[in-house]
Amino acid sequence: MASVLRPATAQDVGRIAEIWHVGWHDGHAGHVPDGLTAVRTRPAFHARAAARLGQTTVAVAHGEVAGFVMVVGDEVEQLFVAREHRGTGVADTLLAEGERQIMAAGRAVPWLAVVEGNARARRFYERNGWHDVGPLPYRVQVDGQEFVSPCRRYERG
(Lines give C-alpha, C1' and ligand atoms only; values in the text may rest on other atoms or scores of the structure.)
Protein backbone atom coordinates (compact mmCIF):
# COMPACT_ATOMS: atom_id res chain seq x y z
CA MET A 1 0.00 0.00 0.00
CA ALA A 2 1.39 3.39 -0.99
CA SER A 3 1.63 6.15 1.57
CA VAL A 4 -0.51 9.28 1.36
CA LEU A 5 1.07 12.68 2.01
CA ARG A 6 -0.63 15.50 3.87
CA PRO A 7 0.29 18.51 6.00
CA ALA A 8 0.91 17.63 9.64
CA THR A 9 -1.76 18.52 12.18
CA ALA A 10 -1.73 19.04 15.94
CA GLN A 11 -3.10 15.50 16.33
CA ASP A 12 0.12 14.17 14.72
CA VAL A 13 2.54 15.77 17.19
CA GLY A 14 2.89 12.77 19.50
CA ARG A 15 3.53 10.33 16.66
CA ILE A 16 5.96 12.71 14.89
CA ALA A 17 7.85 13.21 18.16
CA GLU A 18 8.13 9.46 18.76
CA ILE A 19 9.34 8.74 15.20
CA TRP A 20 11.80 11.65 15.44
CA HIS A 21 13.15 10.60 18.84
CA VAL A 22 13.71 6.96 17.86
CA GLY A 23 15.06 7.77 14.39
CA TRP A 24 17.34 10.55 15.58
CA HIS A 25 18.92 8.32 18.22
CA ASP A 26 19.23 5.42 15.72
CA GLY A 27 21.21 7.61 13.31
CA HIS A 28 23.01 10.08 15.56
CA ALA A 29 23.96 8.46 18.87
CA GLY A 30 27.72 8.01 18.98
CA HIS A 31 28.22 10.30 15.98
CA VAL A 32 27.42 13.69 17.54
CA PRO A 33 28.58 15.39 20.75
CA ASP A 34 27.40 13.52 23.86
CA GLY A 35 25.86 16.71 25.23
CA LEU A 36 23.58 16.96 22.20
CA THR A 37 22.51 13.34 22.55
CA ALA A 38 21.68 13.98 26.22
CA VAL A 39 19.28 16.87 25.44
CA ARG A 40 17.47 15.01 22.64
CA THR A 41 14.77 13.58 24.93
CA ARG A 42 11.20 12.55 24.12
CA PRO A 43 9.79 15.77 25.68
CA ALA A 44 12.29 17.85 23.67
CA PHE A 45 11.21 16.19 20.41
CA HIS A 46 7.56 16.70 21.35
CA ALA A 47 8.14 20.43 21.81
CA ARG A 48 10.11 20.64 18.56
CA ALA A 49 7.43 18.75 16.62
CA ALA A 50 4.67 21.00 17.95
CA ALA A 51 6.62 24.13 17.01
CA ARG A 52 7.37 22.90 13.49
CA LEU A 53 3.95 21.75 12.24
CA GLY A 54 3.85 24.42 9.54
CA GLN A 55 7.02 23.01 7.96
CA THR A 56 6.01 19.35 8.27
CA THR A 57 4.46 16.93 5.80
CA VAL A 58 3.54 13.45 7.01
CA ALA A 59 3.23 10.18 5.14
CA VAL A 60 0.29 8.03 6.25
CA ALA A 61 0.45 4.28 5.58
CA HIS A 62 -1.94 1.64 6.88
CA GLY A 63 -3.86 4.34 8.76
CA GLU A 64 -0.94 5.71 10.78
CA VAL A 65 1.73 8.37 10.40
CA ALA A 66 4.67 6.39 9.02
CA GLY A 67 7.16 9.25 8.65
CA PHE A 68 7.62 12.94 8.05
CA VAL A 69 9.70 15.52 6.23
CA MET A 70 10.40 19.12 7.32
CA VAL A 71 11.48 21.67 4.74
CA VAL A 72 13.07 25.00 5.68
CA GLY A 73 13.94 27.27 2.75
CA ASP A 74 16.08 25.21 0.39
CA GLU A 75 16.94 22.55 3.01
CA VAL A 76 15.33 19.18 3.57
CA GLU A 77 15.96 19.73 7.24
CA GLN A 78 14.44 16.60 8.80
CA LEU A 79 13.32 13.30 7.30
CA PHE A 80 12.47 10.35 9.53
CA VAL A 81 10.50 7.14 9.08
CA ALA A 82 9.17 4.84 11.79
CA ARG A 83 11.24 1.67 12.15
CA GLU A 84 8.36 -0.54 11.07
CA HIS A 85 8.00 1.43 7.82
CA ARG A 86 11.68 1.57 6.86
CA GLY A 87 12.41 -0.10 3.54
CA THR A 88 8.82 0.28 2.31
CA GLY A 89 9.30 3.32 0.07
CA VAL A 90 7.93 5.84 2.58
CA ALA A 91 11.30 7.59 2.84
CA ASP A 92 11.61 7.83 -0.96
CA THR A 93 8.14 9.40 -1.14
CA LEU A 94 8.94 11.90 1.61
CA LEU A 95 12.30 12.86 0.07
CA ALA A 96 10.66 13.44 -3.31
CA GLU A 97 8.05 15.63 -1.60
CA GLY A 98 10.74 17.66 0.13
CA GLU A 99 12.49 18.20 -3.20
CA ARG A 100 9.17 19.14 -4.84
CA GLN A 101 8.42 21.75 -2.15
CA ILE A 102 11.86 23.32 -2.52
CA MET A 103 11.67 23.47 -6.30
CA ALA A 104 8.07 24.80 -6.20
CA ALA A 105 9.33 27.65 -4.02
CA GLY A 106 11.80 28.59 -6.76
CA ARG A 107 14.92 27.37 -5.00
CA ALA A 108 17.66 26.17 -7.33
CA VAL A 109 19.58 23.59 -5.30
CA PRO A 110 17.95 21.51 -2.57
CA TRP A 111 20.37 20.45 0.13
CA LEU A 112 20.49 18.55 3.40
CA ALA A 113 22.92 17.71 6.17
CA VAL A 114 23.77 14.12 7.07
CA VAL A 115 25.77 13.16 10.15
CA GLU A 116 29.06 11.70 8.90
CA GLY A 117 28.64 8.46 10.83
CA ASN A 118 25.08 7.81 9.64
CA ALA A 119 26.02 5.38 6.87
CA ARG A 120 22.45 4.13 6.36
CA ALA A 121 21.14 7.63 5.66
CA ARG A 122 24.09 8.48 3.43
CA ARG A 123 23.47 5.37 1.29
CA PHE A 124 19.78 6.24 1.06
CA TYR A 125 20.42 9.80 -0.17
CA GLU A 126 23.06 8.65 -2.65
CA ARG A 127 20.69 6.00 -3.99
CA ASN A 128 18.14 8.78 -4.55
CA GLY A 129 20.49 10.96 -6.62
CA TRP A 130 21.93 13.21 -3.92
CA HIS A 131 25.65 13.98 -3.92
CA ASP A 132 28.07 14.55 -1.05
CA VAL A 133 29.61 17.97 -1.74
CA GLY A 134 31.77 18.22 1.36
CA PRO A 135 32.05 18.63 5.11
CA LEU A 136 29.51 20.72 6.98
CA PRO A 137 30.04 21.50 10.67
CA TYR A 138 26.34 21.76 11.57
CA ARG A 139 25.77 24.15 14.47
CA VAL A 140 22.89 23.38 16.82
CA GLN A 141 21.67 25.66 19.61
CA VAL A 142 19.84 24.00 22.51
CA ASP A 143 19.00 25.69 25.80
CA GLY A 144 21.79 28.25 25.41
CA GLN A 145 24.40 25.65 24.49
CA GLU A 146 25.98 25.28 21.08
CA PHE A 147 26.90 21.89 19.69
CA VAL A 148 28.70 21.22 16.43
CA SER A 149 27.78 17.99 14.67
CA PRO A 150 30.17 16.60 12.06
CA CYS A 151 28.00 16.42 8.97
CA ARG A 152 28.27 16.15 5.22
CA ARG A 153 26.38 18.50 2.91
CA TYR A 154 24.38 16.69 0.26
CA GLU A 155 22.84 18.40 -2.73
CA ARG A 156 20.41 17.24 -5.35
CA GLY A 157 21.28 17.54 -8.98
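This section describes the nonpolar cores, the pairing of strands 3 and 4, the largest pocket and the position of alanine 10 in a predicted model.

The largest nonpolar core holds 26 residues, and those that touch the most other members are Ile16, Trp20, Trp24, Leu36, Val58 and Phe68. Two or more residues each are given to this core by helix 1 (13–28), helix 3 (42–51), strand 2 (56–61), strand 3 (64–72), strand 5 (111–115), strand 6 (130–142) and strand 7 (145–156). Helix 1 supplies the largest share, 6 residues. A further core, of 20 residues, lies apart from the largest one and includes Ala66, Val69, Leu79 and Leu94. In soluble globular proteins, nonpolar side chains tend to be buried together.

The contacts of tryptophan 24 were examined separately. With residues up to four places away in sequence not counted, tryptophan 24 touches Ala29, Val32, Leu36, Thr37, Arg40, Phe45 and Phe80.

Strand 3 and strand 4 (75–81) run antiparallel and are joined by 6 bridges. Within this pairing, phenylalanine 68 has phenylalanine 80 of strand 4 as its bridge partner. The two strands form a hairpin with 2 residues between them, in which glycine 73 takes a positive phi near 60°. Strand 4 is largely enclosed by the rest of the structure, because 6 of its 7 residues are buried.

The largest pocket contains about 830 Å³ of space. It is lined by 40 residues, of which Leu79, Phe80, Asn118, Ala121 and Tyr125 are the closest to its centre. Helix 1, strand 4, helix 4 (90–104), strand 5, helix 5 (119–127), strand 6 and strand 7 each give two or more residues to the lining. The largest share of the lining, 7 residues, comes from strand 4. By residue class, the lining divides into 19 nonpolar, 10 polar and 11 charged residues. Phe80 thus appears in several of these descriptions: among the residues closest to the pocket centre, as the bridge partner of phenylalanine 68 and as a contact of tryptophan 24. Leu79, likewise listed among the residues closest to the pocket centre, is a member of the core of 20 residues.

Alanine 10 is located in the loop between strand 1 (4–7) and helix 1. Its relative accessible area is 55%, and the residue is therefore classed as exposed, the cut-off being over 50%. Alanine 10 is separated from arginine 156 by 146 residues in sequence and, C-alpha to C-alpha, by 31 Å in space.

Note on methods
Residues are numbered from 1 along each chain as its sequence is written. This is a predicted model: local features need pLDDT of at least 70, side-chain atom pairs count only at pLDDT 80 or more; totals for chains, interfaces and linings use all residues. Side-chain values use heavy atoms; hydrogens and water are left out. A nonpolar core is a set of buried Ala, Val, Leu, Ile, Met, Phe, Trp, Tyr and Cys residues joined through side-chain atoms within 4.5 Å. Buried means under 20% relative accessible area, exposed over 50%, partly exposed in between (1.4 Å probe, protein chains only). Helices (H or I, at least four residues) and strands (E, at least two) are DSSP runs, numbered from the N terminus. Contact means heavy atoms within 4.5 Å. On a 1 Å grid over the protein atoms alone, a cavity is a set of points where a 1.4 Å probe fits but cannot get out, and a pocket is an open set with protein on both sides within 12 Å along at least five of seven lines; lining residues have an atom within 4 Å of a point. Grid points are joined across faces, edges and corners, and a volume is the space filled by probe spheres set on the points. Ala, Val, Leu, Ile, Met, Phe, Trp, Tyr, Cys and Pro count as nonpolar, Asp, Glu, Lys and Arg as charged, and the others, Gly among them, as polar. Two strands pair if DSSP finds at least two bridges between them.
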